[in-house]
Each structure stands twice: as C-alpha cells, then as structure tokens.
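Work through the exercises below with the structure open beside you. Try each task before reading its solution.

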Amino acid sequence: MLTLHIAPKTCALASLIALEESGLRFDVRGVDFASSEQQSPGYLAINPKGRVPALVTDRGVLTETPAILAYVAQITPGGRLAPLDDAFAFARMQAFNSYLCSTVHVAHAHSRRGARWSDDPAAVETMKAKVPQNMAECFRLIEEMMLTGPWVMGAAYSVADPYLFTIGGWLKGDGVDPALFPKVAEHRARMLERPAVKRALERAEA
C-alpha cells in the first residue's frame with residue numbers, strides 16, 4: 001500500500017491527483033503545518049526535509065514532486081500518465097515539471113518563505129513585493145511557449161497536467177490575474193472536469 005503525506009494548499013495536490021488518476025490503491029496522511037508537525041520527530045523520520053509531499057512505498061520513501069509524478073506514471077504504464085515509450089517526450093515532460101519545481105514554485109515561495117533566503121526583514125519584504133512580477137513572467141512563458149494544449153504535452157494527458165493545475169491555482173493569491181493567461185485558465189477549467197481531480201480536491205480538503 002502506498003501512503004502519500006500531504007498538507008492543504010501545497011504542491012502535494014499534484015501527486016494526489018496523479019495517484020487518483022492512476023487507479024492504484026493508496027492511503028493519504030495529512031501533515032498539520034499549523035502545529036509544525038512537519039518538523040516533528042515522527043514526520044522527520046519519514047522525510048528529513050520536513051516538507052510535503054512524501055510517498056511511502058514498499059521500497060522506501062520518495063520525495064520531490066517531479067520524482068513522485070514520474071514514479072506514479074512508470075508503475076502504471078496502462079494509465080498512460082506519461083509518454084513512457086518516447087524518451088525525448090518523457091524528458092520534455094520532465095523539463096516542464098522541473099521548471100515548475102525549481103523556478104515557479106521558488107518564485108511563489110518568496111511571498112511566504114522569504115526567511116529561507118534572508119534574515120533581513122527589509123529584504124524579505126522586497127522579495128514579497130517581487131512575487132507578482134516573477135510569477136507573471138513565469139506563466140507568460142508557460143502560456144506562450146510551453147503549454148501546447150489542450151494538455152501540457154499536447155493531445156495526451158500526463159502527470160505534468162496536475163502539476164500545472166496545482167501551481168496555477170496559486171496565481172490569484174500571488175497577486176496575479178489568472179485571466180492574463182487564457183490557455184492556462186482553459187487548462188484549469190478542463191482539469192476541474194476530471195473525476196480524479198474532483199476526488200483529489202475532496203480528499204485534500206477533508
């Protein structure tokens with residue numbers, strides 16, 4: 001049995017959606033960030049990084065969203081959650097997911113986690129002020145150059161789609177009008193129609 005550790009309003013939603021799409025049996029465990037459970041000895045024994053998601057498998061624990069998404073796709077080849085038979089297309093999907101992880105998520109984190117990068121309150125405020133511009137620039141690139149449509153990889157749905165859906169859901173809270181990116185908005189509406197996404201949202205909010 002797989003066990004996914006999540007917290008509300010985090011990137012763990014992408015992995016939860018992917019698991020719902022996969023048809024695999026899995027359990028979900030919530031991590032209470034409000035009480036700093038992610039820093040508790042019990043959770044640090046699962047994920048020493050003190051973050052979510054963390055996926056417990058029979059071979060050990062996987063962390064980092066792109067790795068979990070790729071793993072879910074690879075252990076359910078019949079689910080067609082990634083272009084597993086095309087090395088270049090798979091790498092292109094991984095490049096998209098890596099961009100969300102290493103650039104877009106980091107740009108978002110500057111609005112709430114500035115203390116990770118500076119102990120200077122003025123510098124932290126400067127980082128917060130820059131978030132709308134940085135997020136808008138990231139999504140402009142996604143809108144114009146990376147989102148093929150109707151799905152991230154084109155005609156075929158993949159685990160890149162729940163990741164874009166998750167991080168795209170942060171735009172409004174980051175001071176960016178989602179209407180500026182019609183292709184991304186259409187993608188979000190399309191995602192919300194999927195039964196797996198509806199199930200994941202219900203479980204994430206439970």
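## Exercises on a predicted model

The UniProt record, in an unreviewed entry, places the feature "domain: GST C-terminal" at residues 86–206. The model used here is predicted.

**Exercise 1. Describe the helix and strand content of the two annotated spans.**

Solution. Step 1: take residues 86–206. This span is 66% helix and 0% strand, and its end C-alpha atoms lie 38 Å apart.
Step 2: find the other span. UniProt, again in an unreviewed entry, gives "domain: GST N-terminal" for residues 1–80.
Step 3: describe that span. Residues 1–80 are 35% helix and 22% strand, with 21 Å between the end C-alpha atoms.

**Exercise 2. State which strands pair with E1, and in which sense.**

Solution. Step 1: locate strand E1 at residues 2–6 and strand E2 at residues 26–30. The two pair in the parallel sense, over 5 bridges.
Step 2: name partners. Leu 2 has Phe 26 of E2 as its bridge partner, and Leu 4 has Val 28 of E2.
Step 3: turn to strand E3, residues 54–57, which pairs with E1 in the antiparallel sense over 3 bridges. Here His 5 stands opposite Ala 54 of E3.
Step 4: add helix H1, residues 12–22. E1, H1 and E2 together form a β-α-β unit, and the unit is right-handed.

**Exercise 3. Decide whether E1 and H1 are covered or open.**

Solution. Step 1: count for E1. Because 5 of the 5 residues of E1 are buried, the strand is largely enclosed by the rest of the structure.
Step 2: sort the side chains of E1 by direction. Leu 2, Leu 4 and Ile 6 point one way, while Thr 3 and His 5 point the other way. All of these residues are buried.
Step 3: count for H1. The helix is mostly covered, with 11 of its 11 residues buried. Among them are Ala 12, Leu 16, Glu 20 and Glu 21.
Step 4: look just past the helix. Gly 23 follows H1 and has a positive phi, near 85°.

**Exercise 4. Classify Leu 24, Thr 76 and Met 191 as buried, partly exposed or exposed, and list contacts for each.**

Solution. Step 1: recall the cut-offs. Buried means under 20% relative accessible area, exposed means over 50%, and partly exposed is in between.
Step 2: take Leu 24, in the loop between H1 and E2. Its relative accessible area is 26%, so Leu 24 is partly exposed. Not counting residues up to four places away in sequence, Leu 24 touches Leu 2, Leu 19, Ile 75 and Thr 76. Leu 24 and Leu 2 are 22 residues apart in sequence, with 8.4 Å between their C-alpha atoms.
Step 3: take Thr 76, in the loop between helix H3 (65–75) and helix H4 (87–109). The relative accessibility is 7%, so Thr 76 counts as buried. With neighbours within four places in sequence left aside, Thr 76 is in contact with Ser 22, Leu 24 and Leu 81.
Step 4: take Met 191, in helix H7 (residues 182–192). A relative accessible area of 0% is why Met 191 is classed as buried. Setting aside neighbours within four places in sequence, its contacts include Ile 17, Trp 151, Tyr 157 and Phe 165. Met 191 and Leu 164 are 27 residues apart in sequence, and their C-alpha atoms are 9.9 Å apart.

**Exercise 5. Describe the largest pocket and its lining.**

Solution. Step 1: give the volume. The largest pocket holds about 1100 Å³ of space.
Step 2: count the lining. There are 39 lining residues, and Lys 9, Thr 10, Cys 11, His 105 and Trp 170 lie nearest the centre of the pocket.
Step 3: assign helices. H1, H4, helix H6 (160–168) and helix H8 (195–205) each give at least two residues to the lining.
Step 4: find the main contributor. H4 provides the largest share of the lining, 5 residues.

Terms used: Residues numbered from 1 in each chain as written. Predicted model: local features only at pLDDT ≥ 70, side-chain atom pairs only at ≥ 80, totals over all residues. Heavy atoms only, no water. Pairing = 2+ DSSP bridges. Helix = DSSP H or I, 4+ residues; strand = E, 2+ residues; numbered from the N terminus. Right-handed = clockwise from strand over helix to strand, strands pointing away. Buried < 20%, exposed > 50% of the residue type's maximum accessible area, 1.4 Å probe, protein only. Contact = heavy atoms within 4.5 Å. UniProt positions renumbered as here; feature names shortened; annotations may be inferred. 1 Å grid on protein atoms, 1.4 Å probe; cavity = no way out; pocket = protein on both sides within 12 Å on 5 of 7 lines; lining within 4 Å. Points joined across faces, edges and corners; volume = space filled by probe spheres on them.
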